[in-house]
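Load the model in your viewer and switch on a cartoon view. This tour moves from one selection to the next.

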Amino acid sequence: MISAIAIDDEPLGLKIIAHYCDQVDFITLEKTFTKQSEALKHLKKFPVDLVFLDIQMPSRNGIDFYKMLDHNPMVIFTTAYSEYAVEGFNVNATDYLLKPFSFERFLQAAQKAKSVYETKNQVQSTETQYLFIRADYSLHKILMADILFIEGLDDYLKIHIQNQKTLVTRMTMKSILEKLPAVAFIRVHRSYIVPMAKIDKVRNKMIYIGDEEIPVSASYEEAFSLAFSNKQ
């Protein structure tokens, strides 16, 4: 499922995108925004896979806004002005919708995004099936599929591995998150990272993985709930 937001200073434009997204079973439109500043705050806390972005906005050109984003989501630009098309594709836009656009044209753009998303995730899964972790004066190869959860202890991490000895390594939570695929692992607490596939159940802000109970802290609860609901 592709997570998305839409940004347009015209409410009618957002209603059309929301209506079209409701008819596509592989895109979840999480929120819509008429102000870029509010969208930027949301994206910093809850990154998405795709942004529908109007180019002509009063505060800042949509293309310039897209260049500000850190996590580089896919973007489908929307505008009433065809002269922006070339500039839009210069920033690797997935597609460009010229207003007013039909559902058929929207679906064509959505299918392009789906193709890009699937290709990207296939590459990620091929390239990141394992990690090399330095512990006990050795370099250990760990299959990502075997990681039960990761526990942070100041500048050290305890990597709990299925049917193997727990590894203790000198790393930070931030540094190991950069090595893990974001679609598969999520931070749920200042001291815990869990793989979504290993979660057996969630109850009362507690994640259960086998016999382990892992708390979900308030600062990560909303992001986790959103990610977990999208997996179901």
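In what order do the five strands of the open parallel sheet stand? The order is 2-1-3-4-5, and the pairing is parallel. Strands pair here if DSSP finds at least two bridges between them. Helices (H or I, at least four residues) and strands (E, at least two) are DSSP runs, numbered from the N terminus.

Before going on, note the ground rules. This is a predicted model: local features need pLDDT of at least 70, side-chain atom pairs count only at pLDDT 80 or more, and totals for chains, interfaces and linings use all residues. Residues are numbered from 1 along each chain as its sequence is written, and side-chain values use heavy atoms, with hydrogens and water left out.

**Stop 1: the parallel sheet**

Select strand 2 (27-33) and strand 5 (95-98). These are the edge strands, each pairing on one side only. From one strand to the next, the twist averages 20°. Angles run from 0 to 180 degrees between N-to-C directions, and axes are lines fitted to C-alpha atoms, for helices over the stretch in contact.

Now add strand 1 (residues 2-7). Six bridges link strand 1 to strand 2 in the parallel sense. Pick Ile5: its bridge partner in strand 2 is Lys31. Next, show helix 1 (residues 11-22), which packs on the sheet. Helix 1 touches strand 1, strand 2, strand 3 (50-54) and strand 4 (74-79). Contact means heavy atoms within 4.5 Å. The direction of helix 1 makes about 165° with that of strand 2.

**Stop 2: Thr34 and Lys41**

Go to Thr34, in the loop between strand 2 and helix 2. Which residues does Thr34 touch, leaving out those up to four places away in sequence? They are Asp8, Asp9, Pro11, Leu14 and Met57. Put a distance label on Thr34 and Asp9: their C-alpha atoms are separated by 4.3 Å, with their positions 25 residues apart along the chain. Thr34 has 36% relative accessibility, so it counts as partly exposed. The classes are buried (under 20% relative accessible area), exposed (over 50%) and partly exposed in between, with a 1.4 Å probe and protein chains only.

Move to Lys41 in helix 2 (residues 36-45). Is Lys41 buried or exposed? Lys41 counts as exposed because its relative accessibility is 65%. Label Lys41 and Tyr66 as well: they are 25 residues apart in sequence and 13 Å apart in space, C-alpha to C-alpha.

**Stop 3: backbone details**

Select Lys99 and Pro100. The peptide bond from Lys99 to Pro100 is cis, with omega near -10°. Pro100 sits in the loop between strand 5 and helix 5 (103-127).

Then take Asp136, in the loop between strand 6 (130-135) and strand 7 (138-143). Its phi is near 55°, a positive value in a residue other than glycine.

Asn163 is the next pick, in the loop between strand 9 (156-161) and strand 10. Phi of Asn163 is near 60°, again positive in a residue other than glycine. Asn163 has 77% relative accessibility and therefore counts as exposed.

**Stop 4: the antiparallel sheet**

Five strands form an open sheet in the order 10-9-8-12-11, with antiparallel pairing. Why is one side of strand 10 (167-169) and of strand 11 (185-189) left without a neighbour in the sheet? Both stand at the edges, each with a single partner strand, so one side of each stays unpaired in the sheet. The twist averages 20° from one strand to the next.

Select strand 11 with strand 12 (residues 192-195). Four bridges join these antiparallel strands. Phe185 stands opposite Pro195 in strand 12.

**Stop 5: a hairpin**

Select strand 14 (residues 206-209) and strand 15 (residues 212-215). They run antiparallel and are joined by four bridges. Met206 stands opposite Pro215 in strand 15. Two residues lie between the strands of this hairpin, and Gly210 takes a positive phi near 60°.

**Stop 6: zoom out**

Show the whole protein chain. It has seven helices and 15 strands. Its C-alpha trace spans about 60 × 35 × 30 Å along the principal axes. Of its 232 residues, 44% count as buried. Among contacts with a separation of 6 or more, residues 24 or more positions apart account for 49%.
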